[in-house]
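Here is a short report on the fold of a single protein chain. It moves from overall numbers to two sheets, then to single elements.

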Amino acid sequence: MSDKKARIGIIGAGTVARDNQIPAFLKCDEAEVIAVFDRHIERAQALCQRYGIPKAYSVLEELLNDEDIDCVSICTGNVSHESLVIAAAKAGKNILCEKPMAISVQEAENMKKAVEESGVTFMMAFVNRFRQESIIISELLEQQRFGQIYHARCGWVRRRGTPSGWFTDKSKSGGGAVLDIGVHVIDLTWYLMGRPRPVSVSGVTHRQIGAYETRSVKGWAAAGAKNGVFDNEEAATALIRFENGASMSVDISWAINGKEEKMFSKIYGTRGGASFRPIEIYGEENGFLTDTVPVLVPEDSWQPAFERETAHFAHCVLTGEKPMPSLDDGLTVQRMLNAIYDSAALGREVQL
Ligand SMILES: NC(=O)c1ccc[n+]([C@@H]2O[C@H](COP(=O)([O-])OP(=O)(O)OC[C@H]3O[C@@H](n4cnc5c(N)ncnc54)[C@H](O)[C@@H]3O)[C@@H](O)[C@H]2O)c1
């Protein structure tokens, strides 16, 4: 690796690449963005121009054969993650893969096999693990401050927050709210529980609101969804059971006629508990119950978490350290996500 920098090729020149991944990599001392690839060359060129990145590609093989690149960040829609990860692994490129890992367990297993055979570094881009709140709670978890975690509740309930474009079209996304926002809260909460082995899932999915017009929300009016295909679920609820007896309840919606609940994750242990956002730690001292609010460094967006995520990836590539979230984490989360769909379709709990 030249100059001790991970040399990155961005795959997919859309929103997450433009607003999050590229700006984060550009701030990282241990990374350098060499190229952007998109099947629409003008999108790749626009990002190269905007950020001063030298090479734009619209042919995958050209990016994968480029010896100046040793890593790729997969920022395309969900349905392409499997084929792109397998191609990148075969080309010997280290991989950061946007969430969700894939659209099915079979795909995630195929990706794991290709990555393991090639020996490249693979990291799942579960960005919420890199928020200050998650870092604090996971440190306390490691110090056994919560005792045995036996239950957790998580969710993300938007009143009107359906993303437009391919997100609502199952053929282009592989799934709706579960794969889009459920993945964030399920991964984070599972991580904060200490990653117990999931054994069964009971899930229900809904699509009752569908496409809508509203004057009440800026930025999330589902215009593309209204004009395009909408055959995905917009809401889901699930109960996940773990081998150690713990449970997790999940509530997700893009649109619901109820009060908005921003992304939340709460863990309950025998000695203490924690709430992710706003962060609060629950304990007991001298016979009193305590609510502790850690003082955070002010951060006004998710971007610092993307910066920590990309810096961790680059550092692992350079040092050979094992990245977190790992390949196996991606696969386990995929099992929980797809089990929600399987259970909803069957109308009963499914075993993992
Ligand atoms: N971590 C986060 O918080 C976060 C936020 C947004 C999106 N995402 C994830 O990032 C991914 C991309 O989402 P987005 O909102 O940026 O999508 P987007 O539609 O804005 O951008 C995707 C880009 O990839 C290109 N593309 C798609 N398939 C391709 C292929 N096979 N080959 C070449 N180019 C291809 C498209 O032309 C498009 O420019 C999704 O998997 C999404 O779930 C993660």
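Of the 352 residues of the protein chain, 48% count as buried. Buried means that 20 or more other C-beta atoms lie within 10 Å of the residue's own; exposed means 12 or fewer, partly exposed is in between, and C-beta atoms are placed from the backbone. The model is predicted: local features need pLDDT of at least 70, side-chain atom pairs count only at pLDDT 80 or more, and totals for chains, interfaces and linings use all residues. Numbering starts from 1 along each chain as its sequence is written.

**Overall form**

The radius of gyration of the protein chain is 20 Å, which agrees with the value near 20 Å for a compact globule of 352 residues. That radius is taken over C-alpha atoms, and the globule rule is 2.2 Å times the number of residues to the power 0.38. Along the principal axes, the C-alpha atoms fill a box of roughly 60 × 45 × 40 Å. Contacts with a separation of 6 or more were also counted; 74% of them join residues 24 or more positions apart. A contact needs C-beta atoms, placed from the backbone, within 7 Å.

The protein chain holds 11 helices and 15 strands. These are DSSP runs numbered from the N terminus: helices are H or I with at least four residues, strands are E with at least two.

**The sheet of 6 strands**

One open sheet has 6 strands in the order S3-S2-S1-S4-S5-S6, with parallel pairing. Strands S3 (55-57) and S6 (122-125) are its edges, each pairing on one side only. Neighbouring strands of this sheet are turned by 25° against each other on average, direction ignored. Two strands pair if DSSP finds at least two bridges between them. In the S5 and S6 pair, Ile 95 stands opposite Phe 122 in S6.

What covers the buried residues of helix H4? Strand S1 (6-11), helix H3 (60-64), strand S4 (71-74), strand S5 (94-98) and helix H5 (105-118) are included in the cover. Helix H4 spans residues 81-90, and its buried residues are His 81, Glu 82, Leu 84, Val 85, Ala 88 and Ala 89. Gly 92 follows H4 and has a positive phi, near 80°.

**The sheet of 9 strands**

The second open sheet runs S14-S13-S12-S11-S7-S10-S9-S8-S15, with mixed pairing. Strands S14 (288-292) and S15 (350-351) stand at the edges; each has a single partner strand, so one side of each lacks a neighbour in the sheet. Helix H8 (residues 177-192) packs on this sheet, touching S7, S8, S9 (235-242), S10 and S11. The direction of H8 makes about 150° with that of S10. Axes are lines fitted to C-alpha atoms, for helices over the stretch in contact; angles run from 0 to 180 degrees between N-to-C directions.

Strand pairs from both sheets:

| Pair | Sense | Bridges |
|---|---|---|
| S7 (149-157) and S11 (261-269) | antiparallel | 7 bridges |
| S7 and S10 (247-253) | parallel | 7 bridges |
| S8 (198-206) and S15 | antiparallel | 2 bridges |
| S5 and S6 | parallel | 4 bridges |

Some bridge partners can be named. His 151 pairs with Tyr 268 in S11. Val 157 pairs with Ser 253 in S10. Val 201 pairs with Val 350 in S15.

**Ala 152**

Ala 152 lies in strand S7. Is this residue buried or exposed? Ala 152 is buried, because 27 other C-beta atoms lie within 10 Å. Leaving aside neighbours within four places in sequence, Ala 152 is in contact with Thr 189, Met 193, Met 248, Lys 266, Ile 267 and Tyr 268. Ile 86 is 66 residues from Ala 152 along the chain, and their C-alpha atoms are separated by 34 Å.

Definitions and conventions: Two residues are in contact if their C-beta atoms, placed from the backbone, lie within 7 Å.
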